[in-house]
Amino acid sequence: VQLVESGGGSVQVGGSLRLACAASGLTFSMYRMAWFRQAPGKEREFVSAISWSGDRLYYADSVKGRFTISRDNAKNTVSLQMNSLRPEDTAVYYCAAREYYRTGEYDYWGQGTQVTVSS
């Protein structure tokens, strides 16, 4: 299984970025997908998740109303549209996958993509 993130970069406060995660080696439509992030010196934290069918979306309070998660099961991709970015959004963003019927820890992780928001 491979999860490969892309789309990170540097942006100014208030700007936007769109992250993408391409999945391979798994039956993508059977997996709940999520985004996590980890800032320097901090623990990894949940950002957003989407059910296998795409009809249930979940967001951390810190990103609600600014970030939008989506998926394309035909293309095995999950995206995170990030708007109104803030310096505190600076982190390495990770894509993760978990089989739809399981709870708890995620099964697979990507290598991460850096997002830097500067003022």
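A salt bridge here is a side-chain nitrogen of Lys or Arg within 4 Å of a carboxyl oxygen of Asp or Glu. Keep that cut-off in mind. The side chains of Arg56 and Asp55 meet at 3.6 Å, N to O, so the pair counts as a salt bridge. One caution before I go on: this is a predicted model.

Let me stay with that pair for a moment. Arg56 is partly exposed, at 43% relative accessible area. Asp55 is exposed, at 56%.

Next along the chain comes Leu57. Leu57 sits in strand S6, which covers residues 57-59. Its relative accessibility is 41%, so Leu57 is classed as partly exposed. Leaving aside residues up to four places away in sequence, Leu57 touches Ala49, Ile50 and Ile69. There is also a C-alpha distance to note. Leu57 and Ser70 are 13 residues apart along the chain, and their C-alpha atoms are separated by 8.4 Å.

Back to charges. How many salt bridges does the count come to? Six. I want to walk through the ones around Arg37. Arg37 and Glu45 meet through their side chains at 2.6 Å, N to O. Asp89 and Arg37 do likewise at 2.9 Å. Where do the partners in that second pair lie? Asp89 is in the loop between S8 and S9, and Arg37 is in strand S4, so this salt bridge ties together parts that are 52 residues apart in sequence.

Are Asp89 and Arg37 buried or exposed? Both are buried. For Arg37 the relative accessible area is 5%, and the limit for buried is under 20%, so Arg37 qualifies. Glu45 is another matter: at 35% relative accessibility, Glu45 is partly exposed. Now add one more residue. Arg37, Glu45, Arg66 and Asp89 are linked in a network of salt bridges. As general background, side chains of opposite charge can pair when their charged atoms come close.

On to the disulfide. The count is one. The disulfide joins Cys21 to Cys95, with an S to S distance of 2.1 Å. Cys21 is in strand S3 and Cys95 is in strand S9. The two are 74 residues apart, and the pair links distant parts of the chain. What about handedness? The torsion about the S-S bond is about -80°, so this disulfide is left-handed. Both ends are covered. Cys21 has 1% relative accessibility and counts as buried. Cys95 has 0% and also counts as buried.

Now the nonpolar interior. In soluble globular proteins, nonpolar side chains tend to be buried together. In this model, the largest nonpolar core has 29 residues. Which of them touch the most other members? Met33, Trp35, Phe67, Val78, Leu80, Met82 and Tyr93. Several strands feed this core. S3, S4, S5 (45-50), S7 (67-72), S8 (77-82), S9 (91-99) and S11 (113-118) each supply at least two residues. Apart from that core lies another one, of five residues, including Ala34, Phe36, Ala49 and Tyr106. You have met Ala49 already, as a contact of Leu57.

Take Met82 as an example from the large set. Beyond residues up to four places away in sequence, Met82 touches Gly15, Ser16, Leu17, Leu19, Arg66, Phe67, Tyr93 and Val115. Arg66 is on that list, and Arg66 is also a member of the salt-bridge network.

Some nonpolar residues are on the outside. Met30, Trp52, Tyr100 and Tyr101 form a nonpolar surface patch. Together they present about 450 Å² of accessible area. Met30 lies in the loop between strand S3 (17-24) and strand S4 (31-38). Its relative accessible area is 34%, so Met30 is classed as partly exposed.

Last topic: backbone angles. Two residues deserve a look. Asn76 has phi near 55°, a positive value in a residue other than glycine. Asn76 is in the loop between S7 and S8. At 23% relative accessibility, Asn76 is partly exposed. Ser84 has phi near 50°, again positive in a residue other than glycine. Where does Ser84 lie? In the loop between S8 and S9. Ser84 is partly exposed, with a relative accessible area of 40%. That loop between S8 and S9 also holds Asp89, the salt-bridge partner of Arg37.

Terms used: Residues numbered from 1 in each chain as written. Predicted model: local features only at pLDDT ≥ 70, side-chain atom pairs only at ≥ 80, totals over all residues. Heavy atoms only, no water. Helix = DSSP H or I, 4+ residues; strand = E, 2+ residues; numbered from the N terminus. Buried < 20%, exposed > 50% of the residue type's maximum accessible area, 1.4 Å probe, protein only. Contact = heavy atoms within 4.5 Å. Patch = residues over 30% accessible without salt bridge, like charges linked within 9 Å, V, L, I, M, F, W, Y side chains within 5 Å. Areas by Shrake-Rupley, 256 points an atom, 1.4 Å probe, with all protein chains shown as cover. Core = buried A, V, L, I, M, F, W, Y, C linked by side-chain atoms within 4.5 Å. Disulfide = S-S within 2.5 Å.
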